[in-house]
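The exercises below are meant to be worked through with the sequence and the model side by side. Please try each task before reading its solution.

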Amino acid sequence: MAIRQKVSYWGLSFLLGVFSASSGWNFYLTSLVFLIGLFILRNFLKTGVDQNSKHSHIRKVAGDFLVAGFAFLTFGFFYFYLFTNFTNGMENIPIGRLATTSGIVIKNPEEKETYQKLTIELQAPERGKIIVLTDPLIRFDYGDRVKIDGKIEKSQFKNQSPISFFPKIELQVKNQGHWLKTQLYSLKNHLIGQFKKQLSRDKSALVAGITFGEKSEFSEKLKTDMARSGVTHIVALSGYNIAILALAIERSLKKLVSRQKRFYVTLGLIFLFVIMVGGEASVVRAAIMGSLILLAGHVGRAHDTLHIIILTALAMVLVNPGVLAFDIGFQLSFLSLLGIVYLEPVLKKLLRLKDKKEESFLAWRENSVTTIAAQLAVIPILVLNFNQFSLTAILANTFILITIPLTMFLGFLLAALSSISFFLGFFVAQLVNLLTFYQLALIKVFSLIYLPIPGGQFLNHAIVFIIYYGVLLALASQNHEKS
């Protein structure tokens with residue numbers, strides 16, 4: 001077995017160990033799941049192996065995986081507890097009592113209708129990160145050092161920092177953050193301000209969400225409509241969202257530059273975008289996910305992409321093992337990516353799209369298949385965490401996603417031109433007005449024809465969850481064998 005394959009299998013063992021520990025499983029249950037996974041792997045490895053030697057090959061692979069894999073499984077299981085205990089030991093946060101502390105705002109504040117959310121790194125003698133909800137009328141910025149007087153409580157959500165609700169807070173000193181981040185956040189806020197000058201509230205909020213992932217200006221009604229129509233992810237800067245953008249960029253360059261140049265140009269544009277929006281961890285993760293979609297097409301072999309996906313997940317989990325079980329964004333990013341890489345070819349074969357030489361208008365057919373593949377991969381997670389998924393969400397995504405690349409392009413153009421002259425921006429704003437009118441109308445329509453999955457709550461059961469993904473895995477593996 002090649003070393004990269006061994007690393008991937010060992011990485012999967014480690015990830016299983018981390019996931020089981022963070023999910024509260026005991027070690028015996030974890031070991032049982034590992035052995036079941038080994039049995040599935042043993043059958044999956046039949047692909048591409050000569051009939052005469054496959055049994056000895058499978059036995060050897062299974063033996064190697066059982067010994068080394070179990071060692072990495074054990075390491076992953078206890079790594080979660082070691083990391084958690086070490087992190088908690090490094091913190092010194094006065095939880096559960098009134099206290100006066102000070103700290104620096106380390107992220108761009110999130111402005112909501114009724115509150116402002118600050119992420120604050122506490123300063124000595126305290127240590128650690130907390131979330132503060134405060135009055136939205138008092139403006140704070142990244143890099144502000146503030147004094148907090150109030151009660152800090154443990155969050156009810158796992159893997160989330162302690163939280164303080166509306167404490168007494170006052171500004172001490174400004175500009176204490178990193179200079180580059182300060183400039184990036186300032187630029188982002190300036191460009192979003194141009195949307196507000198040229199567009200109505202819901203339209204400017206939608207464009208700001210699509211281009212920069214900014215959701216602070218969303219009204220509660222709009223957020224509810226987007227959730228019911230199943231298109232909230234278009235403003236989340238998830239791996240799925242950036243993947244769609246990356247695919248659209250690459251397809252638009254298809255007749256202009258070579259395949260290799262197209263890959264590097266698109267990759268460069270993605271990371272320029274990351275810099276533009278401030279380069280936070282969630283956006284970097286999304287960019288990696290989008291880049292992996294490009295890599296899948298560039299390499300041309302989904303099996304190679306799987307190794308890269310595992311290594312990427314491994315790197316992220318080593319930095320923060322809690323993301324595997326508690327970070328929904330992490331789960332949706334990886335599952336949607338796997339759906340696009342493995343299920344999209346299956347759907348294309350079923351719909352005979354590979355036989356069609358010409359792309360459809362605005363690539364609607366190709367985007368539709370990509371959307372369906374990603375949605376199929378994440379349905380149980382959406383139902384499990386949000387208790388809702390509309391059968392019409394696939395249609396809503398298909399009709400809206402064909403306009404997202406153009407909306408992003410015109411959004412950036414509007415922000416740039418409006419910064420120079422209001423009148424230059426005005427003409428582009430009219431085009432953006434048409435696009436956002438179309439998008440908001442679709443969001444409204446599909447929120448009204450919300451069709452929940454019949455018996456969708458059954459997906460909350462572990463056995464149904466396993467069967468569902470087992471069927472998807474079987475479809476993907478059958479397609480992989482034939483190819």
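**Exercise 1.** In this predicted model, decide whether Val-235 is buried or exposed, and describe its surroundings.

*Solution.* Begin with the accessibility: Val-235 has a relative accessible area of 2%, and because buried means under 20%, Val-235 counts as buried. Next, locate the residue, which sits in the loop between H6 and H7. Then look for contacts beyond four places in sequence, which include Leu-206, Gly-209, Phe-218 and Met-226. Finally, compare positions along the chain: Thr-211 is 24 residues away from Val-235, yet their C-alpha atoms are separated by 7.7 Å.

**Exercise 2.** Find which residues touch the most other members of the largest nonpolar core, and which helix gives the most to this core.

*Solution.* The core has 39 residues, and Met-226 and Ile-234 are the ones that touch the most other members. Among the helices that each supply at least two residues are H4 (179-198) and H8 (259-276), while H16 gives the most, with eight residues. For Met-226, the residues touched outside the four nearest places in sequence include Val-231, Ile-234 and Ile-443.

**Exercise 3.** Work out where the two partners of the salt bridge between Glu-217 and Lys-196 lie, and how accessible they are.

*Solution.* The closest N and O atoms of this pair are 3.3 Å apart. Glu-217 belongs to the loop between H5 and H6, whereas Lys-196 belongs to helix H4, so that the bridge links distant parts of the chain, 21 residues apart. As for accessibility, Glu-217 is partly exposed at 24%, and Lys-196 is partly exposed at 44%.

Technical notes
Residues numbered from 1 in each chain as written. Predicted model: local features only at pLDDT ≥ 70, side-chain atom pairs only at ≥ 80, totals over all residues. Heavy atoms only, no water. Core = buried A, V, L, I, M, F, W, Y, C linked by side-chain atoms within 4.5 Å. Buried < 20%, exposed > 50% of the residue type's maximum accessible area, 1.4 Å probe, protein only. Helix = DSSP H or I, 4+ residues; strand = E, 2+ residues; numbered from the N terminus. Contact = heavy atoms within 4.5 Å. Salt bridge = Lys/Arg side-chain N within 4 Å of Asp/Glu carboxyl O.
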